[in-house]
Each structure stands twice: as C-alpha cells, then as structure tokens.
Amino acid sequence: AVVSTQSTGYGWPRLVVAVYGLDTFGRDVVRGYGSILFPVIPGNHKIEMPMFVPESTSLLQKFTSWLLGTRPEFVDPKFVTQSDGREVTRVRSQGNITISCNITTKDISTAGYVVESSHSKKS
C-alpha cells in the first residue's frame, strides 16, 4: 500500500519500479526502471509503465561493463522521478509493464480537491 498525507497535488504518490534479473553468467543485473504517478480518481485502474535501462556512452564502456558484469545502473532508483541530470542520461527502452491498482481517497476534500468517482456519476 502506498499512502500519502500531502495537502498539495505536487508530488502526488508515485510508484517507482526497479526490476532485476540474472544475465547469461548468473549475475544479478538491472532489467529496467520505471515510474508512474498514481491516478487521483478513485476506482480500479490499469496503467502502462514504460521501462528503460541506462546505457554506456561508448563501445569501450559497453564491452568493459559486459565483461566485468557491472552494467550501468542508478545508485538511487528514485533518480527516475527527478528532472535534474536526466537530460544527459542515455537510456534504452525495455518495453512496458502493466500496473493494476485500486485507488481510494479519504478526506481529500479537506485539502480543497473535488474528485468524482466514475461510479458516482448519474446517467
């Protein structure tokens, strides 16, 4: 469960995913990073999260990292949520994963938000 007790929409709860797996030599390596903002509308949601991995900047770095088993990875997985430094980071797409979540809100109107559930609309 992800819980936020913020009174502003900025930084609304965000899910950060770092996926790791074994390479051909049995070493644990990063397979992808991704980040999404949770929806503000209560209900069941399915969200596609794009995944990516950092890339080495030169062929020599690529070969060395493959040989030593030290592929590029972020020191802090939350780096993917920040804008500082991202413009100079080289990444490669790794596909998408589907996130299924149920959103509930409690006392959100006390913070000045008006959110209608898709179930509460009358036809």
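User: Before we discuss V17, what counts as a contact here?
Analyst: Contact means heavy atoms within 4.5 Å. The model itself is predicted.

User: Which residues does V17 touch, then?
Analyst: Setting aside neighbours within four places in sequence, V17 is in contact with G32, Y33, G34, M49, M51 and I97.

User: And which residues form the largest nonpolar core?
Analyst: That core has nine residues, and V17 is one of them. The others are I36, F38, I47, M49, M51, I99, C101 and I103.

User: Which elements give two or more residues to this core?
Analyst: Those are β3 and β4, the latter spanning residues 91-103. Apart from this core lies another, of six residues, including V30, F52, F79 and V80.

User: Changing topic: how are the helix and strands ordered along the sequence?
Analyst: The chain contains one helix and four strands, and their pattern along the sequence is β-β-β-α-β.

User: What share of the contacts links residues far apart in sequence, 24 or more positions?
Analyst: Such pairs account for 61% of the contacts with a separation of 6 or more.

User: How much of the chain is buried?
Analyst: Of its 123 residues, 28% are buried. The chain exposes about 8,900 Å², with carbon and sulfur atoms supplying 55% of that area.

User: Now confidence. Where is it lowest and highest among the elements?
Analyst: Helix α1 (residues 59-68) is lowest, at a mean pLDDT of 84, and strand β3 (residues 43-54) is highest, at 92. Over residues 1-5 the pLDDT is below 50, and this stretch has three contacts in the model beyond near neighbours in sequence. Where pLDDT is low, the predicted coordinates should not be read in detail.

User: What is the mean for the chain?
Analyst: The mean pLDDT is 78, and 79% of the residues reach 70 or more.

Terms used. Residues are numbered from 1 along each chain as its sequence is written. This is a predicted model: local features need pLDDT of at least 70, side-chain atom pairs count only at pLDDT 80 or more; totals for chains, interfaces and linings use all residues. Side-chain values use heavy atoms; hydrogens and water are left out. pLDDT is the predictor's confidence in each residue, from 0 to 100. A nonpolar core is a set of buried Ala, Val, Leu, Ile, Met, Phe, Trp, Tyr and Cys residues joined through side-chain atoms within 4.5 Å. Buried means under 20% relative accessible area, exposed over 50%, partly exposed in between (1.4 Å probe, protein chains only). Accessible areas come from the Shrake-Rupley method with a 1.4 Å probe; for residues, only the protein chains shown count as cover.
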